[in-house]
Amino acid sequence: MAIIKMEGFIQMKKYVIILAAGEGNRMGAESAKQFLLLGGKPILVHTIDNFLKHPHHHFEIIIVLKKSHMKIWHMLCEEYDYLNNLKIVFGGKERFHSVKNAIDTIPDEECIIGVHDGVRPFVSSEVINTVFTEAIIHGAIVPAIAMIPTIRMTDGNNNQSKNRNDFKVIQTPQVFRSEIIRAAYQTAYLPFFFDDATLVEYCGYKIELAEGNEENIKITLPIDYITAKALHSTKLKHDISY
């Protein structure tokens, strides 16, 4: 029976909510960071392609956009016509509300739901495969990497050294069985719901960690954009060498 049940889970639909409703004020660029070019292609399109072109999984993709960015999106759809097939949902006041808006459009059926930042274009296919597969077993799983910098905790007045080995840097996609994330998003919004894992944990569910990939950076600041250009250039050279 367990094998039959697992086979049923494997056949579940897999949804990816890609969050791209931010303005990117910290980037200091003329356009929102998700639309900045990386090797001639917008960052958001790179991110989408990681899921659309995944070798082992088919994903139903939901893009969360700001209403004021729809003109840009339509321009992208003219250049990359395959984007026309993707579902668009408008973002809310906070990240929480944006994700909830997207979840509310998913049919009420057993499925696997992942949430990914639109400005993380370097998530590896291996990490995507791992988190979506492990979510079937564990119910709630997020990718994480080791904390590299030396860190100190401060309350504004005092500070104290902390062992960095006790901490992890969390990435996306964060992936959940649908019954878990649907139940979590019935909770009223609180300011400390920084990501989906925080909310799901608050609702009493255990979060499992999977190994992320170092390149899976979130492009937020100008230095991140510089790093992303270097990573993209390195990736191109690696691909050509093979």
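**Entry 1: helix 3 and its surroundings**

I began with what lies over the buried residues of helix 3, and I noted that the cover includes strand 3 (41–42), helix 2, strand 4 (60–65) and strand 5 (87–90). I keep in mind throughout that this is a predicted model.

Which residues of helix 3 are buried? For this helix, which spans residues 70–79, I wrote down M70, W73, L76 and C77. Looking down the helix axis, I found that these buried residues fall within an arc of 110 degrees, so they line one face of helix 3. I then turned to the other side of helix 3, where K71, M75, E78 and E79 are exposed.

**Entry 2: cysteines**

From helix 3 I picked out C77 for a closer look, and its relative accessible area is 6%. I count C77 as buried because that value is under the 20% limit.

How many disulfides are there in the whole structure? My search of the whole structure came back with zero. To see why C203 has no such bond, I looked up the closest cysteine sulfur, which belongs to C111 and lies 17 Å from the sulfur of C203, too far for a bond. A disulfide would need the two sulfur atoms to be within 2.5 Å. I also checked whether C203 is covered by the protein, and with a relative accessibility of 28% it counts as partly exposed.

**Entry 3: the second largest pocket**

Next I went to the second largest pocket, which holds about 630 Å³ of space. Its lining is made up of 23 residues, and those closest to the pocket centre are N50, P121, F122, V123 and K235. I then asked which elements give two or more residues to this lining, and I listed helix 2 (43–52), helix 5 (125–138) and helix 8 (222–241). Helix 8 supplies the largest share of the lining, with seven residues. Sorting the lining of the second largest pocket by residue type, I got seven nonpolar, nine polar and seven charged residues.

**Entry 4: K235**

Where does K235, one of the residues closest to the centre of that pocket, sit in the chain? I located K235 in helix 8. Is K235 buried, exposed or in between? Its relative accessible area is 46%, so I put K235 down as partly exposed, the class between the limits of 20% and 50%.

Last, I compared K235 with L52: the two residues are 183 residues apart in sequence, and from C-alpha to C-alpha they are 19 Å apart in space.

Methods
Residues are numbered from 1 along each chain as its sequence is written. This is a predicted model: local features need pLDDT of at least 70, side-chain atom pairs count only at pLDDT 80 or more; totals for chains, interfaces and linings use all residues. Side-chain values use heavy atoms; hydrogens and water are left out. Buried means under 20% relative accessible area, exposed over 50%, partly exposed in between (1.4 Å probe, protein chains only). On a 1 Å grid over the protein atoms alone, a cavity is a set of points where a 1.4 Å probe fits but cannot get out, and a pocket is an open set with protein on both sides within 12 Å along at least five of seven lines; lining residues have an atom within 4 Å of a point. Grid points are joined across faces, edges and corners, and a volume is the space filled by probe spheres set on the points. Helices (H or I, at least four residues) and strands (E, at least two) are DSSP runs, numbered from the N terminus. Ala, Val, Leu, Ile, Met, Phe, Trp, Tyr, Cys and Pro count as nonpolar, Asp, Glu, Lys and Arg as charged, and the others, Gly among them, as polar. The arc is that of the directions from the helix axis to the C-beta atoms. Contact means heavy atoms within 4.5 Å.
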